[in-house]
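This report describes how a protein holds its ligands. The structure comes first, and the description follows.

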Amino acid sequence: ITVGGKQLAVFAGPCAIESQEQFTTVSKAVKASGANILRGGAFKPRSSPYSFQGLEGDGLKIMYNSGQELNMPICTEVLDTRDVELVAKYADIMQIGARNMQNFKLLREVGKCDKPILLKRGIRTYETATRNTFDISAIPVSKELSHLPIIADPSHATGTYKYVPAIAKGAIAAGADGLMIEVHNCPEKAASDGAQSLTPEKFDKLMKELDPIAKAVNKILL
Ligand code: PEP
Ligand code: MN
């Protein structure tokens with residue numbers, strides 16, 4: 001898969017990998033709807049130390065199994081320099097979370113691996129209606145400043161599943177090379193980020209609605 005070409009990259013999957021059954025169910029569904037990269041967290045950066053922290057190594061194996069079975073690349077977050085070697089063994093794309101985007105030691109460490117890196121950025125303003133702020137102007141600005149593909153994450157930007165479709169569409173229209181979207185088979189029971197997760201049905205509907213927008217900006221979605 002080429003990220004940054006005419007074909008849009010759609011990273012989809014649950015916020016956290018919870019079990020093989022959960023990950024397989026979601027992965028099969030998002031693939032059927034046209035996603036081309038699987039996402040899922042094995043190491044989770046949580047605001048509370050009492051929240052679910054991820055299945056760690058077991059989560060990586062679950063994700064790897066699904067990637068192999070469905071013949072799809074997998075993208076997962078690496079939180080710490082000490083885990084880089086392990087995560088690099090399983091992941092096709094390593095994610096650096098927004099909380100770590102200026103953790104230079106970690107950036108240097110992942111930079112030594114022969115793997116693509118998804119570097120996340122999250123900004124906030126004084127607006128409280130959304131979890132973060134979706135900075136749509138960052139898309140053309142980043143494209144001018146760098147040669148790298150830009151992926152939009154409407155799930156973490158808004159924090160609310162209802163707002164995800166509108167922002168996803170806006171991002172593609174603004175020139176994003178792809179999307180990262182959280183999908184869960186049962187959002188109300190999700191171990192993390194359930195409120196912003198689309199059901200597989202809602203994800204499928206969104207992919208269909210995105211198709212004409214992709215075409216309008218000379219990109220291919222499905
Ligand atoms: C995630 O992708 O689940 C995640 C933790 O993202 P962010 O770093 O943007 O909060
Ligand atoms: Mn998440």
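In this predicted model, an oxygen atom of ligand 1 lies 3.0 Å from an N or O atom in the side chain of H156. Two further polar contacts (pairs of N or O atoms within 3.5 Å) of ligand 1 are listed with that one.

| Side chain | Partner | Distance |
|---|---|---|
| H156 | oxygen atom of ligand 1 | 3.0 Å |
| K44 | oxygen atom of ligand 1 | 2.9 Å |
| E182 | oxygen atom of ligand 1 | 3.2 Å |

Alone, ligand 1 exposes 300 Å², and the protein buries 93% of that area (Shrake-Rupley method, 1.4 Å probe). Residues around ligand 1 (a heavy atom within 4 Å) include C15, R39, E77 and K120.

H156 and E182 are also protein donors of the manganese ion (ligand 2), together with C15 and D193, at 2.0 to 2.4 Å. Donors here are N, O and S atoms within 2.8 Å of the metal (3.2 Å for Na, K and Ca); water is not among the atoms, so sites may look incomplete. The donor spacing in sequence is C-x140-H-x25-E-x10-D.

Residues are numbered from 1 along each chain as written, chains are lettered from A and ligands numbered from 1 in written order. Local features need pLDDT of at least 70, side-chain atom pairs count only at pLDDT 80 or more, totals for chains, interfaces and linings use all residues, and side-chain values use heavy atoms, without hydrogens and water.

Terms used. Polar contact = N/O pair within 3.5 Å; in protein donor to acceptor, adjacent residues only side chain to side chain.
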